[in-house]
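Let's take a walk through this one together, going from the overall fold down to a few individual side chains. Have the model open and turn it as you read.

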Amino acid sequence: MTRKMEFRMERAGLIQVGDQVELKEDAASTMAGVMYYYTIKDAIAMSNNTKDRLKTLEGVVSEIEALDSYWTVTVDITE
């Protein structure tokens, strides 16, 4: 099963579509429970918080979308 996850990147050109990336997992305890968030190593882009923990910390960049002041990076993660 492939899971698509979006990350916010603040600087252009750090990664390209097709790049294999490693992710770093962090957790935060909130009133809603434990939330996980992921960073593309080394501090390239960060995901939103999610309750759904990833089973693997590797993926492939499938899309990079330029927005007004940042880029959305989509990573395909095979779980």
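What follows starts with the whole chain and then stops at a few residues.

First, a word of caution: this is a predicted model, and everything below is read from its atoms. As for secondary structure, you'll find six strands and zero helices in the chain. Going along the sequence, the pattern reads β-β-β-β-β-β. The radius of gyration comes out at 12 Å, close to the 12 Å that the globule rule gives for 79 residues, so the chain is as compact as a globular protein of that length. If you'd like a feel for the dimensions, the C-alpha trace spans about 35 × 30 × 20 Å along its principal axes.

How much of the chain is buried? Of the 79 residues, 30% are buried. On the outside, the accessible surface comes to about 5200 Å², and carbon and sulfur atoms account for 47% of that. It's also worth asking how far along the sequence the contacts reach. Taking contacts between residues at least 6 apart in sequence, 56% of them join residues at least 24 apart.

Now zoom in on Ile15. You'll find Ile15 in the loop between β1 (2-9) and β2 (20-30). Is this loop residue buried or exposed? Its relative accessibility is 6%, and buried means under 20%, so Ile15 counts as buried. Look at what surrounds the side chain: setting aside residues up to four places away in sequence, Ile15 touches Met9, Ile40, Ile44, Val61, Ile64 and Val73. For a sense of distance, pick out Met31 as well. Ile15 and Met31 are 16 residues apart in sequence, yet their C-alpha atoms sit 35 Å apart in space.

Next stop is Thr39, which belongs to strand β3 (residues 33-40). With a relative accessibility of 12%, Thr39 counts as buried too. What does Thr39 contact, once its neighbours within four places in sequence are left aside? The list is Phe7, Glu22, Leu23, Lys24, Asp26, Ala45 and Met46. Glu22, Leu23, Lys24 and Asp26 from that list fall within the 20-30 stretch of β2.

Finally, have a look at the rings. There are zero aromatic pairs in the structure. One ring does have a charged partner, though: Arg8 lies over the face of Tyr70, at 3.8 Å from the ring centre. Arg8 itself falls within β1 (2-9), so you can find this spot by following that strand.

Terms used. Residues numbered from 1 in each chain as written. Predicted model: local features only at pLDDT ≥ 70, side-chain atom pairs only at ≥ 80, totals over all residues. Heavy atoms only, no water. Phe/Tyr/Trp six-rings, centres within 6.5 Å; stacked < 30°, edge-to-face > 60°. Lys NZ or Arg CZ within 6 Å of the ring centre and 35° of its normal. Helix = DSSP H or I, 4+ residues; strand = E, 2+ residues; numbered from the N terminus. Buried < 20%, exposed > 50% of the residue type's maximum accessible area, 1.4 Å probe, protein only. Contact = heavy atoms within 4.5 Å. Rg over C-alpha atoms; globule rule 2.2 N^0.38 Å. Areas by Shrake-Rupley, 256 points an atom, 1.4 Å probe, with all protein chains shown as cover.
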